[in-house]
Amino acid sequence: MSLPELQGPELQGSVRKMLGALSDPSSPVQYHLPLGEQQVALNAAIGKQIRLQALGVINCVHCGRKTKKSFNQGYCYPCFAKLAQCDSCIMSPEKCHYHLGSCREPAWGEQFCMTDHVVYLANSSGLKVGITRATQIPTRWIDQGASQALPILRVATRQQSGLVEDLLRQHVDDKTNWRALLRGEPEQLDLIVERERLLGLAGEGIAALQAQYGLQAIQPITGIEPLQIRYPVEQYVAKPQSANLDKVPLLEGTLLGIKGQYLLLDTAVINIRKYTAYQLAFSVN
């Protein structure tokens, strides 16, 4: 897929979440913005004036139909109501009902939920616990803007990883403070020490889950050093103000940096993932 030149004519298309690639941990994440059939290389735009405009059209990421409102970051309401990937158990995996025979799409559940997941610790706006499919490392951490990350447990299914996360979040956050994320780099943490502390606190509960699902279902991950992630940010924002393209469809300003799914401008910050499926126009001056 060709990467268009940044300077020049305005580019238009349906936007998707930014793609972040980490080829070398000593170098910052390289970002691309999917816009229709194009992928715009964004790192080269840092320090330049950019322009983003919502064109008033949203096409569902699943079926393509026009929708006045985006549900669950890019879906029309009928797809939101019927797809397994939009069910409430995606946000709360411990509520998975696949085993009850009531999964909206059993084949989808087999592919994405009945597969290895990883429970991890990350440092984004501070220490947090999270889960992701094993195949989504390190993409998940980059999407969250984590500066450090460490996988701590490999778990057989999404539901079981949610149950483990539920135990750990009694002792540590499971959310990122987006304002703190965009104000600067977090204080560095010793994630290995934190892993031992948290697994000790949750040890009894984890042992009970292993007794229920089998020892092999929940296995500790050891011998791995925390991953350090750098982001292409020239300047952080002291008081981040979030842009809202639904209310003000045009956003202009100097691009100061990119972190997680956020573009940091001198005028506002914007979470690109929030506008998945929106038709946007993008240009760099």
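Okay, let's start with a bridge: H32 stands opposite A41, which sits in strand β4. Before I go on, keep in mind that this is a predicted model.

So, the β4 side of things. Strand β3 covers residues 30–35 and strand β4 covers residues 38–41, and the two pair in the antiparallel sense, with 4 bridges. Besides H32 and A41, there's L33, whose bridge partner in β4 is V40. The hairpin these strands make has 2 residues between them, and in that hairpin G36 takes a positive phi, near 65 degrees. If you have the backbone torsions up, go and look at G36.

Now the other partner of β3. Strand β2, residues 19–21, also pairs with β3 in the antiparallel sense, here over 3 bridges. If you want a pair to click on, G20 is opposite Y31 of β3.

How many of the 6 residues of β3 are buried? It's 5, and that makes the strand mostly covered. As a general reminder, side chains in a regular strand alternate between the two faces of the sheet.

Right, on to the rings. I count on the program here: the structure holds 7 aromatic pairs. Take Y77 and F80: their ring centres are 6.0 Å apart and the planes sit at 50 degrees, so this pair is tilted. For the angle people, edge-to-face would need planes over 60 degrees apart, and stacked would need under 30.

Where are those two in the chain? Both Y77 and F80 belong to helix α1, residues 77–82, and being 3 residues apart there, they're separated by about one helical turn. Are they buried or exposed? Partly exposed, in each case: Y77 has a relative accessible area of 48%, and F80 has 27%.

Compare that with Y275 and Y278. Their ring centres are 5.1 Å apart with the planes at 90 degrees, so that pair is edge-to-face. Both of these tyrosines, Y275 and Y278, are buried, while Y77 is partly exposed.

One last thing about the Y77 and F80 region: which residues make up the cluster there? F71 joins Y77 and F80, and the three form one aromatic cluster.

So, to recap: β3 pairs with β2 on one hand and with β4 on the other, and among the aromatic pairs we've looked at a tilted one and an edge-to-face one. That's me done, happy to take questions.

Note on methods
Residues are numbered from 1 along each chain as its sequence is written. This is a predicted model: local features need pLDDT of at least 70, side-chain atom pairs count only at pLDDT 80 or more; totals for chains, interfaces and linings use all residues. Side-chain values use heavy atoms; hydrogens and water are left out. Buried means under 20% relative accessible area, exposed over 50%, partly exposed in between (1.4 Å probe, protein chains only). Two strands pair if DSSP finds at least two bridges between them. Rings of Phe, Tyr and Trp (its six-membered ring) pair if their centres lie within 6.5 Å; planes under 30 degrees apart count as stacked, over 60 as edge-to-face and the rest as tilted.
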